Amino acid sequence: MTEPSQLTQHIESFVDSSRSSTQQAASLDTIVSLVKNDVVTISSLVREMEMYLTTTDNIIRARGILLLGEALKCLSSKPLDAATIHSLMSFFKERLADWRALRGALVGCLALVRRKSGGMVSSSDAKGVVESFLQNLQVQSLGQHDRKICFELMECLLKCYPCVIASMGDDLIYGICEAIDGEKDPQCLMLAFHIIEVLVQVFPEPCGPIESFASDLFGILSSYFPIHFTHPKAEEDIEVKRDDLSKALMLAFSSSPLFEPYVIPLLLEKLSSSLSSAKVDSLKYLSYCTSKYGAERIAKHAGAIWCSLKDAIFTSGQPLVLSFTPESLGGLSCQENEIAAEALTLLEKSYNEIPSQSTQKMYSVGRILYVSVKASVASCSRIFQNFFPCLMESMGLPMRHGAACFRDFLPSLSKIFSSILATSTDKPSHDADVYLGVKGLQILATFPGGYLLVSKSTCESILMTFVSIITVDFNRTLLWKLSVKALVQIGLLINGSNQSEKSMSYIDIVVQKIVSMISSDNHDIPFQLKLEAISDIGTSGLKYMLKIVTGVQEVICANLAEVYVRGNVKSTKVIIHLLECYSNVLLPWIQKYEVFEDVLFQFVVGIWNQIENCMAFPVGICEKELLDATMKVMKLAVACCSVESQNIIVDKAYTVLSSSTFLSMKDSLSSLQAQLEELEDTQEMVKFSSRDEWIHSLFTSVIIALHPQTRIPNIRTVLHFLMIVLLKGYVMAAQALGSLVNKLDLKTSGTEYSGGCTFEEAMDIIFGKKLSSSDHVPAERSGITGDWSETGLTNLCLSATNSGLLKIHSFVGLAWIGKGLLMRGHEKVKDITMVFLEGLLSNGRMGASPLEENNCNWDMRLSAMKCSADAFQVLLSDSELCLNRKFHAIIRPLYKQRFFSTMMPILQSLIIQSDSLLTRSMLYRAFANVVTGTPLIVILNDARKLIPMVLDSLKLLSKDVLDKDIMYSLLLVLSGILTDKNGQEAVIENAHIIINCLIGFATYPHMMLVRETTVQCLVAMSQLPHARIYPMRIQVLQAVSKALDDPKRAVRQEAVRCRQAWSEI
């Protein structure tokens, strides 16, 4: 027996970190030799090392455990009894939780698991190691060497103990996904790819755990394809080469047929890459996966695979030869040669794998010939000379040489293609017939040379065949869609080639028929298909679209007449579909061409003429969906017209407006005040008659779409009218008022035309000045009598006597008017914002709780206060409905920034001074709307002051589920501050309160985006200086642990990232 002091000396030599690596290695060799020669037993070695294995000195403990692990690694063939192995394995398993001594524990576990003879690890111990691994190890937070040992250990466990490990199910797969995700080291990746390959073999069942994790596993693998090294010289310095990694990834891709729905589309997508290496890898992977997945799974991708292969096969640009032998590829460049060779290999495998009948193989041959013909002129000539006569003879159409003979058989060929379409069915087995028949007719109709080769009668017959399919065979979906596409392609070619005769035939046979189909009473064809056909065919040429737009407008006007006069419900449905198609499809296409302006002008005027001629609408005609669709078309069409056309339109609209109940009575101000008094007595929105509502709504649409230079007749009356409509609860009147004040000329004197009005006069009307007694406006020009001040919007907003509903409508009106003034940079917007703030403050002082007044009044007051706060959202948000460049709004640069710098100090002061919880919460709501509508670069400048207010706003908004959208918008602003370097100083200063606030939102139940953004913000916070965030580490990890069980995968993924980031702190 060797003296213990001598063994201790060798142990201390290895444990001493100051010794050289040579001395440490020599000590290890000596210790191993002593054990191998039975001079020292494993048990005595462990007893001698006890103090080194359990000491509180982290460095010595780590070296001691590493010594034991390395010794066991060298003693893999040394017989050990089961008790010793169990004791050692239990020790190393527990040490996996000791992150300072982790490497030694990993080496020891791996050494014991790898033993093949002389005593092996039991199944229960192996399962315990896996459980400890999954519970304690954050693999991606470790160094490269430790990660490599982790992967080697997991790989060995999966291979040696598959049955035991399989019992862990989803937990095992999830842990492996978490361990592998984000790995970048080549040696570790080799192991990671093989782990997935082995993992799939552990769970071979088609409906087992792998099925539910297939998309997650593929998501991890797909990020590495194609394999490439970030640094060009990196591959030369490591043992693992690119080809080795690529092969390992390919084996992982092909390891389970469950990956097929994800792998094949990815590989086909990568075939379009500009990198030759990516194309070669894609083709190699496709070849290998095709043989592994099986014929049934690959069959559904056959078409897509062929479409991708044809470009790869014919990529050389050289005259194509029909022999696909390796010798024929010799003339290509090295990269092109490899791509073509791999493509041909895949083509051969795919063709042999897919079960097919002889006819299907014939189609495949035809596709190959088709691509070959397109490859080059030489290839086309050769194939035409050798194959075309044989094809014609096989169809019973013998031909002689020459162009004249070619023309002779074209009518018969056209009939053959037509008969193919007539005899085909909707069954999938006939899809190829349908495709070839449509393609053949399309090629004949677009054959170059005009009517020299393909006669006029043949071309017109083809067009009529396609039109017949569209109008009769609409139930055959594939045939119908292909026929529409064919007509579009034919129209594009005819329009581009300036063939006048063909163009006339196309208009007479196709365009006119399609337009007449819209107006026909044939209800067999679904109306959506009719709209799809006209919108698609219209895009084939400007003159065709002109015919279609004119025809659609006529149908709309005809059906509107049916609605106005008879209240035809069927016509209502037709118009809604037509108007949606007109505004969403046709208008965006035609507004680029000036030739359509007169068509749009006539259309708008025609609608107004119809309304003018119909003095009474049937009951129930004002269907909201129909009115909204008409308003949208009216706005878009008027916006596309010139100033001159708009002048005529607005005059016409005002003439019709004058016939409505409101203006025909020529009410004085006292009559208007009587209407407001009526509004004050009701808590519901007052309705107009059907005709009046149509007139008022369409008139506001016209006002919204006008150019600033367009003249509005009798603008005072228009302002009074819009205010009354607004106060009756119609938001579009508020939008029209906002557009009007935004575009009204500031310099005009108001005397240029009868009924003119200066900007100041317009403001006086809106805000309630005594115009009739003013010095600068004669009474006869004002058009009203009495005192309008009592009905101005300012008074209506702030008066304590007005009904809550009237206040709400007034606030909405002021919001849109303020938006129009703010966008043009007018100082009057300051007065409007003060009205909003006063509305918040005065309402907050009127009562403390609903117990002091009836619930109805309390709800109205709360709604009015919310409306005041939300007015700031209207002021700063971008609107698609009005006040944008599409509708010619005047927009001053940086208007949002100027408003923010003016309002923020006021809001901050009011919040600080507020002693009412209700008022304070509403002020924070207004603050949130201002912040979310302001560009982030402006927020960053005041981040130090704003962050505490943003956090307070978030806490208040989180209490009401209805505020979740505002809360999410405000959270995005906070996220922007956290991730921008200009906001870092303020974030560091407020780190604790930010984290405390975010922790509470990690489980916010009402919106997934709030939870996801919250966790992303916590990830950003982990990048702050260690001293500022370390005290919050435990709280964050506890909060994130709940997010790991979130029902939404996106939140769980962010939670994993967050846990990893904070665990490393």
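Helices here are DSSP runs of H or I with at least four residues, numbered from the N terminus. The model is predicted.

**Figure 1. A cis peptide bond in the loop between α13 and α14.** P226 sits in the loop that runs between α13 (209–222) and α14 (242–253). The bond joining F225 and P226 is cis. Its omega is about -10°. Most peptide bonds are trans.

**Figure 2. The chain as a whole.** The secondary structure amounts to 54 helices and zero strands. The chain has 1065 residues, and 53% of them are buried. About 47900 Å² of the chain is exposed. Carbon and sulfur atoms supply 54% of that area. Take the contacts between residues at least 6 apart in sequence: 73% of them join residues at least 24 apart.

**Figure 3. The largest nonpolar core, with 227 residues.** Y506, Y582, W608, F927, L954, M1021 and W1062 have the most contacts inside this core. The core lies between domain 4 (643–934) and domain 5 (964–1065), because both domains give residues to it. W1062 is shown with its partners beyond four places in sequence. These are I995, L1018, V1019, M1021, S1022, I1029, M1032, R1033, V1036 and L1037. A second core, of 110 residues, is separate. Its members include L28, I65, L106 and F203.

**Figure 4. A nonpolar surface patch formed by L542, Y593 and V595.** Together the three residues have about 230 Å² of accessible area. Y593 belongs to the loop between α29 (569–590) and α30 (597–613). Its relative accessibility is 32%, so Y593 counts as partly exposed; the partly exposed range runs between 20% and 50%.

**Figure 5. L546 and its contacts with F596 and V599.** L546 is part of helix α28 (residues 542–566). The relative accessible area of L546 is 28%, which means that this residue is partly exposed. Neighbours within four places in sequence aside, L546 contacts F596 and V599. L546 and F596 are 50 residues apart in sequence. In space, their C-alpha atoms are 7.2 Å apart.

**Figure 6. T833, a buried residue of helix α42.** Helix α42 covers residues 829–844. T833 has 1% relative accessibility and therefore counts as buried; the cut-off is under 20%. Four residues are shown around T833: F872, L875, F899 and M903. T833 touches each of them, with residues up to four places away in sequence not counted.

**Figure 7. S975 in helix α48.** The helix spans residues 964–979. S975 has a relative accessible area of 16%, so this serine is buried. Beyond residues up to four places away in sequence, S975 touches T1013 and C1017.

**Figure 8. Positive phi at D38 and L883.** Most residues other than glycine have a negative phi. D38 is not a glycine, yet its phi is positive, at about 60°. The loop holding D38 lies between α2 (21–36) and α3 (42–48). D38 is exposed, with a relative accessible area of 57%. L883 is not a glycine either, and its phi is about 50°. L883 is placed in the loop between α43 (855–876) and α44 (895–913). At a relative accessible area of 3%, L883 is buried.

Key:
Residues are numbered from 1 along each chain as its sequence is written. This is a predicted model: local features need pLDDT of at least 70, side-chain atom pairs count only at pLDDT 80 or more; totals for chains, interfaces and linings use all residues. Side-chain values use heavy atoms; hydrogens and water are left out. Patches are made of residues with over 30% relative accessible area and no salt bridge: like charges are joined within 9 Å, nonpolar side chains (Val, Leu, Ile, Met, Phe, Trp, Tyr) within 5 Å. Accessible areas come from the Shrake-Rupley method with a 1.4 Å probe; for residues, only the protein chains shown count as cover. A salt bridge is a side-chain nitrogen of Lys or Arg within 4 Å of a carboxyl oxygen of Asp or Glu. Helices (H or I, at least four residues) and strands (E, at least two) are DSSP runs, numbered from the N terminus. Buried means under 20% relative accessible area, exposed over 50%, partly exposed in between (1.4 Å probe, protein chains only). A nonpolar core is a set of buried Ala, Val, Leu, Ile, Met, Phe, Trp, Tyr and Cys residues joined through side-chain atoms within 4.5 Å. Domain bounds come from an automatic or database domain assignment. Contact means heavy atoms within 4.5 Å.
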